Amino acid sequence: MFNLSDPNVILTGILLIAIAWSLKKNFRMQKRVRDRDPLQEAKHEIAQTEQKQVNRLNQLEVKLFDYGREVEARSDDRLRVLDELLQDADREINRLRQQLTLTQQNSSEPTNQPGPDISMYESSRKISASLEQRSMIVFLSQAGFSVQEISNCFQHSVSEIETILTEENEQHNTDVA
């Protein structure tokens, strides 16, 4: 009756299989549409969106917490460094006050002994009192003391202090060049 090797029969069989598959797919789709609950789908979509937002908020909270810790650590480091600088500055101020007191005491009794800051030069050469005073004048000037304050410490006139400072600056500039 039917010859199975005939191309028309093969094409007809393939066509029937394609139609059956298409109908089955269509029936499944219609069943899904009938069984679908739009309210439940909307609730599910809202729940997913809410969960995404909660997750995003949690991520932002963690980032904010990390950033806060980082800022706190940086500020603690800066405060620690500032405290160390303040302690160093206080020690330097106390040292300069002691040196100023020693210089005032030594200016009333002239000696050829080097001061406490210049003890490292003692072994290499003897420093005369005027050279020691000159180096102290320059040091105090660099430390921020005014010419009037320096002249009061060394009991010299303001013009003498200014002359010493200009000579030392010129000598320093020629040494550098």
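Trainee: In which helix is the place of Ile 19?

Mentor: Ile 19 lies in helix α1, which spans residues 7–35. Please note that this is a predicted model.

Trainee: How should the accessibility of Ile 19 be read: buried, partly exposed or exposed?

Mentor: Buried means under 20% relative accessible area, exposed means over 50%, and partly exposed lies in between. Because its relative accessibility is 43%, Ile 19 counts as partly exposed.

Trainee: Which residues make the nonpolar surface patch?

Mentor: One may begin with the helix repeat. An α-helix has 3.6 residues a turn, so residues three or four places apart point the same way. In this structure, Leu 15, Ile 19, Leu 23 and Phe 27 make a nonpolar surface patch of about 400 Å².

Trainee: Which residues of helix α4 are buried?

Mentor: Helix α4 covers residues 147–154, and Ile 150, Ser 151, Cys 153 and Phe 154 are buried there. They lie on the same side of α4, because the arc they cover around the axis is only 160°. Gln 155 follows α4 and has a positive phi, near 55°.

Trainee: How many helices and strands does the protein have?

Mentor: There are five helices and zero strands, and the order from the N terminus is α-α-α-α-α.

Trainee: What percentage of the residues count as buried, and what share of the exposed area do carbon and sulfur atoms supply?

Mentor: Of the 177 residues, 12% count as buried. The protein exposes about 14,800 Å², of which carbon and sulfur atoms supply 56%. As for contacts between residues at least 6 apart in sequence, 38% join residues at least 24 apart.

Terms used. Residues numbered from 1 in each chain as written. Predicted model: local features only at pLDDT ≥ 70, side-chain atom pairs only at ≥ 80, totals over all residues. Heavy atoms only, no water. Patch = residues over 30% accessible without salt bridge, like charges linked within 9 Å, V, L, I, M, F, W, Y side chains within 5 Å. Areas by Shrake-Rupley, 256 points an atom, 1.4 Å probe, with all protein chains shown as cover. Salt bridge = Lys/Arg side-chain N within 4 Å of Asp/Glu carboxyl O. Helix = DSSP H or I, 4+ residues; strand = E, 2+ residues; numbered from the N terminus. Buried < 20%, exposed > 50% of the residue type's maximum accessible area, 1.4 Å probe, protein only. Contact = heavy atoms within 4.5 Å. Arc of directions from axis to C-beta.
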